[in-house]
Amino acid sequence: MRATSLKFQSVPAPAPKLRPDGAHRAGSLWNCWTLVAMSLGYGVVQLDVTIVNTALAAIGTSLGGGVSELQWVVSAYTIAFAAFILTAGALGDRIGAKRMFTAGFAIFTAASLACALAHNAGVLIAARGVQGVGAAILVPNSLALLNHAYADEKQRGRAVGTWAAGASLALTAGPLVGGGLIALVGWRSIFLVNLPIGLAGLWLSWLYVTETTQRRQREIDLPGQLAAIAALGCLAGAIIEAGALGWSNAFVVAGFVASMIFAALLVVRELRAPQPMLPLSLFTHRLFALTSLIGLLVNIAFYGLIFVFSLYFQRINGLSPFETGLAFVPMMGAVLPANLFASRLAERIGASSAIAIGAALSAFGCLMLLGIEPGTVYWKTLPQLMLVGGGLGLLVPPLTSALLGSVEKTRSGVAAGVLNATRQTGSVLGVAIFGSLVGQAEAFVTGAHEALIISTGLLLAAAMLIWFGTEKTR
């Protein structure tokens with residue numbers, strides 16, 4: 001298979017022949033375009049988060065349904081993302097991260113077209129699930145390819161910062177672009193915008209990305225995969241439906257019980273499997289365990305609040321999709337410069353300190369938002385929203401780089417998968433829990449306040465965990 005890898009490296013790009021003294025320049029060029037391709041992959045995944053949240057009211061009006069259906073439109077994507085991401089990382093280790101990355105881009109692009117053509121909520125939710133599978137393939141394998149391309153730790157940290165910044169740019173542009181498209185064309189256009197991005201990513205990957213080392217002995221843990229899907233799906237379903245049916249409803253209780261059973265089966269399977277999907281031994285590393293847990297807590301808070309504020313702006317304060325998009329731009333825009341600054345801050349004061357500062361800033365922003373009421377003037381919430389976004393942007397790059405650096409490079413695909421699985425599980429739980437709190441229109445603001453209190457606590461817990469949890473190693 002090594003000959004195949006060499007063949008991909010020698011595909012003529014802008015410079016068909018290389019002089020001996022141009023080898024380093026060519027390597028830098030390949031790394032640059034590899035970074036662009038990986039950033040497009042992560043960017044299109046993040047783009048759908050803010051675009052879809054901006055379109056929730058329009059989708060609900062067009063296809064019908066209440067808050068629970070809108071939760072499923074968001075959660076079908078993140079459930080599939082979280083549940084499949086570990087297997088996607090393992091597959092990348094087995095057959096090559098480049099092959100998996102390009103397959104993920106193709107799946108994501110095709111599913112985006114299916115979302116645009118959906119004629120009812122059920123079809124849209126199903127297509128969103130397939131989109132989530134494509135996203136699950138893209139993210140860990142993009143990180144594995146970056147880890148493969150950049151051997152130097154400092155360069156890798158900066159590359160990861162740029163990769164995260166590209167996703168932040170997509171998060172920032174998503175509300176504005178999505179709101180404009182919805183106003184001019186309709187909500188279906190927000191999925192069609194993924195098509196040119198997907199085609200560009202596929203082309204750049206084919207030309208410039210170098211394949212990783214294949215580990216053919218890496219097996220795929222199908223029983224573990226099925227248990228993970230069932231556990232997360234039952235948990236999210238129970239929380240979502242609890243908002244509409246009540247927490248004591250028999251269906252809701254059965255969902256929680258089933259989730260616990262499948263989670264227990266997953267742990268037993270992973271302890272006994274010769275090559276587990278989720279290697280529990282990774283969690284014996286203090287830094288790996290801490291960063292994974294922090295990723296879970298941060299995403300519960302951040303993505304749960306995005307869902308809440310999307311509905312708050314549109315259903316409570318009466319903003320249009322375009323106005324809602326504009327309202328989110330400063331919050332998402334604060335993520336980008338923070339991403340770019342994060343790697344340099346981590347180099348100066350250490351990754352754990354940078355992560356703790358970012359989490360504390362976001363927590364303070366959530367706390368200061370507790371004054372929102374129906375009709376609260378947007379400008380009174382602007383600084384707090386920017387603080388929440390800036391804190392997130394500050395902690396994600398060092399969090400990601402620290403986790404990758406805590407394991408050997410041959411397990412980078414699985415490690416990246418674990419981080420993103422925990423983060424996406426947090427997104428699922430955030431939307432499910434916070435959505436259940438604001439499900440009733442007459443109690444929306446009370447539920448939003450409860451969501452902000454929970455987010456503040458989770459973010460402060462994340463800051464304290466990384467600060468005190470790594471104290472012995474600093």
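When two helix axes meet at an angle under 35 degrees, they count as roughly parallel. Keep that cut-off in mind for a pair of helices further down; before that, a quick look at the whole chain.

What you have in front of you is a predicted model. Its secondary structure is helical: 18 helices and zero strands. Of the 474 residues in the chain, 57% are buried. Take the contacts with a separation of 6 or more, and 84% of them turn out to be between residues 24 or more positions apart. As for the outside, the accessible surface comes to about 18500 Å², and carbon and sulfur atoms account for 69% of that.

Now back to those helices. Helix α13 covers residues 321–333 and helix α14 covers residues 335–349; they pack at an angle of about 10°, and their axes are 5 Å apart. With the angle under the cut-off of 35 degrees, α13 and α14 are therefore roughly parallel to each other. Who makes the contact? On the α13 side you'll find M331, M332 and G333, and on the α14 side V335, L336 and P337. Sort those contact residues by character and you get five nonpolar, one polar and no charged.

Next, the aromatics. The model has 14 aromatic pairs. One of them joins Y42 and W163, a stacked pair with 3.9 Å centre to centre and 15° between the planes. If you trace the chain, Y42 sits in helix α2 (residues 23–54) and W163 in helix α7 (residues 153–184), so this pair links distant parts of the chain, 121 residues apart. Both Y42 and W163 are buried.

Another pair is F313 with Y378, and here the geometry is edge-to-face, at 6.1 Å centre to centre and 65° between the planes. F313 belongs to helix α12 (residues 286–316), whereas Y378 is in the loop between α15 (351–368) and α16 (382–405), so the pair ties together parts 65 residues apart in sequence. Buried means under 20% relative accessible area. F313, at 2% relative accessibility, therefore counts as buried, and Y378 is buried too, with a relative accessible area of 19%. Zoom out a little and you'll see that F313 and Y378 belong to one aromatic cluster, together with F309, Y312, F328 and W379.

A few single residues are worth a stop as well. Start with F262, in helix α11. At 30% relative accessibility, F262 counts as partly exposed. Leaving aside residues up to four places away in sequence, F262 touches A227, A230, A231 and C234. The C-alpha atoms of F262 and A228 are separated by 7.2 Å, with their positions 34 residues apart along the chain.

Follow the chain to A273, in the loop between α11 (250–272) and α12. A273 is buried, with a relative accessible area of 9%. From A273 to G224 is 49 residues in sequence, and 8.6 Å in space, C-alpha to C-alpha.

Finally, head to helix α18 (residues 444–469), where T446 lies. T446 is partly exposed, its relative accessible area being 48%. Its C-alpha atom and that of E373 are separated by 9.0 Å, although T446 and E373 are 73 residues apart along the chain.

Definitions and conventions
Residues are numbered from 1 along each chain as its sequence is written. This is a predicted model: local features need pLDDT of at least 70, side-chain atom pairs count only at pLDDT 80 or more; totals for chains, interfaces and linings use all residues. Side-chain values use heavy atoms; hydrogens and water are left out. Axes are lines fitted to C-alpha atoms, for helices over the stretch in contact, and angles run from 0 to 180 degrees between N-to-C directions. Helices (H or I, at least four residues) and strands (E, at least two) are DSSP runs, numbered from the N terminus. Angles under 35 degrees count as roughly parallel, over 145 as roughly antiparallel, 65 to 115 as roughly perpendicular and the rest as oblique. Contact means heavy atoms within 4.5 Å. Ala, Val, Leu, Ile, Met, Phe, Trp, Tyr, Cys and Pro count as nonpolar, Asp, Glu, Lys and Arg as charged, and the others, Gly among them, as polar. Rings of Phe, Tyr and Trp (its six-membered ring) pair if their centres lie within 6.5 Å; planes under 30 degrees apart count as stacked, over 60 as edge-to-face and the rest as tilted. Buried means under 20% relative accessible area, exposed over 50%, partly exposed in between (1.4 Å probe, protein chains only). Accessible areas come from the Shrake-Rupley method with a 1.4 Å probe; for residues, only the protein chains shown count as cover.
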